[in-house]
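Biologist: Could you walk me through what you see around the bound molecules? I'd like the reasoning along with the answers.

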Amino acid sequence: MKKVMMGNHAISYGATLARVQVIAAYPITPQTQVVELLSEIVADQKLKAEFIKVESEHSAMAACIGASSAGARAFTATSAQGLALMHELLHWAAGARLPIVMANINRAMAPPWTIWTDQNDSLSQRDTGWMQIYCQSNQEVLDSVIMAYKVAEKVLMPVMIVLDAFSLSHTYESVDIPDQALVDKYLPAFDYKYKLDVKNPHTYGGLTTPDWYMEFRIKMHEAMEQALVEIKKEAPVFQKVFGRFYDTVDPYMVDDAETVLVTSGTAASTARFAVDQLRAEGKKVGNLRMRVLRPFPFADVRQQLKNAKKIIIVDRDISYGYHGIWAQEVKSALYGHSQVPVFNFIAGLGGRDIFPETYYNIIALVEKKDKPDQELYWVEVKK
Amino acid sequence: MKPTLPLEELMSPGHLACQGCGAGIAMRTTLKALGQDTIFTFPACCWTVIDGPFPYSCLEVPLLHMAFEATAATASGIKAAMDTLGKGKTTICGWAGDGGTFDIGLQALSGAAERNDDIFYFCYDNEAYMNTGIQRSGATPYGAWTTTTPVKHFKKEVKKSIDDIVAAHKVPYQATASVAYPEDLYKKLIKAKDIRGFKFIHIIAPCPPGWKAKPEDTVKLARLAVQTGVFPVYEVESGKYLQTIKTAKRKPVLEYLKLQGRFKHLKEDDVTDVQKLVDLRYAELEKRFQGC
Ligand SMILES: Cc1ncc(C[n+]2csc(CCOP(=O)(O)OP(=O)(O)O)c2C)c(N)n1
Ligand code: SF4
Ligand SMILES: [Mg+2]
């Protein structure tokens, strides 16, 4: 069934179709509609779940950790300050190997107070052990929530579904809501082997000496490597059931492109419009949309960028005193595999729009240079 | 002689508590009342260590270790899961120290209490951050030495009234208890187990190294805490107060203080101040016990 809906509601429908069993959430703009709709769905008994209206995001994640440990499919959603408040427990969820799924609506970090999009909130949680999947359409958001549980429960690592504030969260698009029966077939019920069980009591997360700590960590890393395999494996399976294909990266006209714009989130759809225009002018430009940040798809990135003569990474985020965060990621994947110059642009922070013109200006600047003469370039900032 | 408590043990020997640890006695008694169909979550606290290092555990019930400030919310999450999974009969417990309850975990505690989530929240109170080396907490009493309230600048603030804070949430059941009166604690838990909603149990649990007391004095101290009125033992059921261990003639606090090195520096005047504080608090509670 097709329905026109906002990105936030696509998350709620995704979670409902995934038959989540415990939801614990705290309101923050621009996430609120996710939980508003879910609380209505639960109250109407259209979903058999417990909704815990916690008093903070820290408690939201704590409740998800408790619920998941007890064997329930757990879900939450947040943004920016809320995500940052959860930080300690993001490590905990991953370290405890719990397949929790959370949606994070990208919102720039304060101060100064803001509610508009950029990716610094989720990207600064890069090393917590969560998979991160960046979406560009409401359909992808809904589908990704369902897929996320499949992968998470196979490898026992949590997943963050990430989408831009407003340009996706509050933007209405036509979304196909898959049949519940199809979803049930695709995503079996959560059967957690290590659940808290009074008939088989175990202690989880207790004090661990240097004799054993590293062994827990290598298992997490291996699980993340396996997650990459599972994401690749799920793509055709999902396509077969639902007719839509999602890979780790999403290339657009990159095969013969001399210049590839690397972007993520909704900035990619604008990039594609720009690519079309530039192609009409005879410029061989392409776009590579980064979808999965963790586990990082090294091979796919190298493969997609192997023909490029120039690579431009447009970051809607910044690691102060360094590069944009996607630039660091992509450059490190290319190191030793490619000699191609990589340009890094910082654009669209705090929800400033990224227009097609933004990309035209970027391309015009790069055309004049053989290689970058600055570590990074700021786009359209007032001096 | 008929034993006053079940002989069955769900806490095995070989745990890592210090000699005379009140927190150990508190857990042992609690498990006797709650039984096997119980799940615990612990934050960071002495019990993180007492339970034993990976892969050991001295408890024969499932246990989820959790972050320091997250006890109540974690227990709420476990409870919600058990309810959706059709295992609503299992008793879900958060078990935290005073620091994890009075201070860093207060927000989550308040949240779960206000929602009236159907869980037990236990606070074993040794009146300081013992796990990190005896720093003051909001539960440390007036006059006490800790490593962050050194003798020259002993603690000048009074102990936070956590029980009143919880009472303000109008929870269906709350109680204080002392490890010197295991039968009292046992009885309270047996009753509370059948009460739906939030249950708060606050247990005074002497800590020999933290209180600079003799391990063999733990039970004596826990008893004196009650007999002096330093730690009155009572329950509150639907707002109704009942003193379960009566202390008609209270002993002077000095008897309690003098067994503990953490109060050694107190001069006569200071002891008088402590006595006044205790009297004041006791009088306040006494009115509630009498239903005034
Ligand atoms: C967020 C956070 N801050 C600080 C700590 C360090 N820490 C661990 S246990 C503890 C003290 C616990 O005190 P209490 O709750 O009274 O339990 P006790 O150790 O006395 O049994 C502290 C400060 C921590 N684990 N997490
Ligand atoms: S330090 Fe105190 S509370 Fe901690 S284990 Fe030792 S006696 Fe028990
Ligand atoms: Mg303590």
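Here are some questions and answers about a ligand and a metal ion in this predicted model.

Biologist: Where does ligand 1 lie, and how many residues surround it?
Modeller: Ligand 1 lies between chains A and B. Among the closest residues are Gly99(B), Ala128(B) and Asn131(B). The count of residues surrounding ligand 1 is 18.

Biologist: How does that shell divide into nonpolar, polar and charged residues?
Modeller: The shell around ligand 1 has three charged residues and six polar ones. The nonpolar residues in it number nine.

Biologist: Which polar side-chain atom lies 2.6 Å from an oxygen atom of ligand 1?
Modeller: Two backbone contacts can be set aside here: a backbone N or O atom of Cys46(B) sits 2.9 Å from a ligand 1 oxygen, and one of Gly100(B) sits 2.8 Å from a ligand 1 oxygen. The side-chain contact at 2.6 Å comes from Tyr124(B).

Biologist: How much of ligand 1 does the protein bury?
Modeller: Start with the ligand on its own: ligand 1 exposes 580 Å² when taken alone. Of that area, the protein buries 76%.

Biologist: Which residues coordinate the magnesium ion (ligand 3), and how far apart in sequence are Asp98(B) and Asn126(B)?
Modeller: The donors are Asp98(B) (OD), Asn126(B) (OD1) and Ala128(B) (O), at 2.0 to 2.1 Å. Asp98(B) is in the loop between strand S3 and helix H4 of chain B, while Asn126(B) is in the loop between strand S4 and helix H6 of chain B. That pair links distant parts of the chain, with a separation of 28 residues.

Biologist: Are Asp98(B) and Asn126(B) buried or exposed?
Modeller: Buried here means under 20% relative accessible area. By that cut-off, both Asp98(B) and Asn126(B) are buried.

Note on methods
Residues numbered from 1 in each chain as written. Chains lettered and ligands numbered in written order. Predicted model: local features only at pLDDT ≥ 70, side-chain atom pairs only at ≥ 80, totals over all residues. Heavy atoms only, no water. Near = heavy atom within 4 Å. Polar contact = N/O pair within 3.5 Å; in protein donor to acceptor, adjacent residues only side chain to side chain. Areas by Shrake-Rupley, 256 points an atom, 1.4 Å probe, with all protein chains shown as cover. Nonpolar A, V, L, I, M, F, W, Y, C, P; charged D, E, K, R; others polar. Donors = N, O, S within 2.8 Å, 3.2 Å for Na, K, Ca; no water. Helix = DSSP H or I, 4+ residues; strand = E, 2+ residues; numbered from the N terminus. Buried < 20%, exposed > 50% of the residue type's maximum accessible area, 1.4 Å probe, protein only.
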